[in-house]
Amino acid sequence: MRTLIEHGTVVGASDAYEADLLVEGEKIALVGQGLGRYLEKVDRTIDAKGKYLLPGGIDAHTHLDMPFGGTKSADDFESGTVAAACGGTTTVIDFAIQPQGGALAEGLEAWHRKAEGKAAIDYGFHLIVRDVNPQTLAEMDRLVKHEGVTSFKLFTAYPGVFLVDDAQIFRAMQKTGENGGLVCMHAENGPVIDVLTKQALEKGHVTPKWHALTRPARLEAEATNRVIALAEVAHAPVYIVHLSAAEALAEVREARDRGVEAYAETCPQYLFLSDDSYDEPGFDGAKYVMSPPLRPKGNERALWQGLRQDDLQLVSTDHCPFCMKEQKELGKSDFSKIPNGAPGLETRMSLLWDGGVRAKQIDLCRYVQLTSAAPAKLFGLYGRKGTLAPGADADIVVFDPEKRLTLSAKTLHMNVDYNPYEGRQVTGAPETVLSRGEVVVEGGRFVGKKGRGKFLRRAARQVG
Ligand SMILES: [Zn+2]
């Protein structure tokens, strides 16, 4: 199967130029001008005049089919990856979870079962480590060397559920310092947040906005500072997930300026929403209950600056949707029981285009860097994903910069009964999306097949 995509503007992380792309089978075969003249026969031609050709989006932070507080996230690997494709994302890296008292391998196995036969695009896994002990440390080596799982997530939050202490974090970091893996940190001070939560509930403060009031930015900054210090002493890189607060970003910037290998992602919700949303009438503030919480208006200016100056390296979503009905409602009389998370997988590329490139916060190449090239590089996929070069997987988004969309739960594909951006108008959306050479989205509609997505074995960092 040969597909020729003609007359587009190819955009990479470092340049943008007019060119055609020839796709042969699952790979990009040629990039050049006037390719049609040299080719005797192609099976399909796509006219991309006036469109950008982007490497497929990579969302390095999703939670599909994830158990949480007696329920599970509303998108499974089928609905979640269909929505991703419609939004211009062709790779997700999801989080497999070590069962309490179990082995990392059991968690990995469980997530393979969730994804196989369902995923419509390619996927990889990070592993959430809940218990760092001699057995898990040995398993970390095995996962990095043999299973293509090269990143691990640990938490300074959620005591009794995910929290690990500083000593465990430090041991895990020493391990990835040796084996070329990467420790990703959820950085908020969970034990102190638990005290604040308990005190708020004792005073009868039960509404959604108290979720934000009990998770102050200072406690995100403190945990960020602490895990960076641990990484520095362990001689290992560290990656901060879903960084939300300007104060936490200041810690990352300060460390990077000293030459520490600290990386961080932020998410669209922290760029485009604020804690004003918690004041929506009734129980509607629950739509925005996520951790870390939304921050005050103005905070986003620091995040944009961080994205421009490379103190923030990428934009992922932390996609973790729960329906208002029967799920968020679990916390109707107690904000601490509201499942944490919101949908974002399908809207990331358009929001960041509209509010980033069109709003002149970032340029075209930086957009590709943040949404595709950087996640590919940091998580061991570069070359295969994250670039439109010959030999790379033909994960291609034909992006229409003028297409207008009104974001709404009714028209989006995510399996959730609300959208945090309901009614927001954005300009710029995928027109056609290819995943490994196959057209999976056409005219904004999903035309691919569930189950065609493949597990991606990711590479480790070069060490030693
Ligand atoms: Zn998350």
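## Zinc site

Two residues are in contact here when heavy atoms of each lie within 4.5 Å. The structure is a predicted model, and on that rule His 61 has a broad set of partners beyond its neighbours within four places in sequence: Ile 93, Phe 95, Lys 153, Val 241, His 242, Glu 265, Ser 316, Thr 317, Asp 318 and His 319. His 61 itself belongs to strand 6, which covers residues 57-62.

One of these partners, Asp 318, also appears among the protein donors of the zinc ion. The ion is held by His 61 through NE2, His 63 through NE2 and Asp 318 through OD, at 2.1 to 2.2 Å. Along the sequence, the donor residues follow the spacing H-x1-H-x254-D. Because buried means under 20% relative accessible area, His 61 falls in that class with a value of 0%, and His 63 does so with 5%.

## Cavities

A search of the whole structure yields three cavities of 30 Å³ or more. The largest cavity has a volume of about 160 Å³. Its lining comprises 17 residues, and those closest to the centre of the cavity are His 63, Phe 68, Tyr 158, Asp 318 and Asn 340. Two of the zinc donors, His 63 and Asp 318, are therefore found in this central group, given that the donors are His 61, His 63 and Asp 318. By class, the lining of the largest cavity consists of eight nonpolar, seven polar and two charged residues.

The second largest cavity has a volume of about 40 Å³. The residues that line it are Pro 55, Gly 56, Ile 58, Thr 90, Thr 91, Arg 384, Lys 385, Gly 386, Thr 387, Asp 393 and Asp 395. This lining divides into two nonpolar, five polar and four charged residues.

## Pockets

The largest pocket has a volume of about 590 Å³. It is lined by 25 residues, and Phe 68, Tyr 158, Val 161, Ser 336 and Asn 340 lie nearest its centre. Two elements give two or more residues to this lining, namely strand 7 (67-68) and helix 5 (190-202). Helix 5 provides the largest share, with four residues. In composition, the lining of the largest pocket has 14 nonpolar, seven polar and four charged residues. Phe 68, Tyr 158 and Asn 340 are named both among the residues nearest the centre of this pocket and among those closest to the centre of the largest cavity.

The second largest pocket has a volume of about 270 Å³. Of its 16 lining residues, Cys 86, Glu 346, Leu 405, Leu 412 and His 413 lie nearest the centre. Strand 16 (396-406) and strand 17 (425-435) each contribute at least two residues to the lining, and the largest share, three residues, comes from strand 16. Here the lining of the second largest pocket is made up of six nonpolar, eight polar and two charged residues.

## Salt bridges

The count of salt bridges comes to 37. One of them joins Arg 384 and Asp 393, whose closest N and O atoms are 3.8 Å apart. Arg 384 is partly exposed at 33% relative accessible area, whereas Asp 393 is buried at 3%. Salt bridges with shared partners connect Glu 26, Lys 27, Asp 122, Arg 384, Lys 385, Asp 393, Asp 395, Arg 436 and Lys 454 into one network. Members of this network, including Arg 384, Lys 385, Asp 393 and Asp 395, also line the second largest cavity.

A further salt bridge is formed by the side chains of Asp 276 and Lys 297, at 3.2 Å from N to O. This pair links distant parts of the chain, with the partners 21 residues apart; both Asp 276 and Lys 297 lie in the loop between helix 9 (268-272) and helix 10 (299-309). Asp 276 is partly exposed, at 42%, and Lys 297 is exposed, at 62%.

Asp 43 and Lys 41 form another salt bridge, in which the closest N and O atoms are 3.4 Å apart. Asp 43 counts as partly exposed at 42% relative accessibility, while Lys 41 counts as exposed at 53%.

How values were computed: Residues numbered from 1 in each chain as written. Predicted model: local features only at pLDDT ≥ 70, side-chain atom pairs only at ≥ 80, totals over all residues. Heavy atoms only, no water. Donors = N, O, S within 2.8 Å, 3.2 Å for Na, K, Ca; no water. Buried < 20%, exposed > 50% of the residue type's maximum accessible area, 1.4 Å probe, protein only. 1 Å grid on protein atoms, 1.4 Å probe; cavity = no way out; pocket = protein on both sides within 12 Å on 5 of 7 lines; lining within 4 Å. Points joined across faces, edges and corners; volume = space filled by probe spheres on them. Nonpolar A, V, L, I, M, F, W, Y, C, P; charged D, E, K, R; others polar. Salt bridge = Lys/Arg side-chain N within 4 Å of Asp/Glu carboxyl O.
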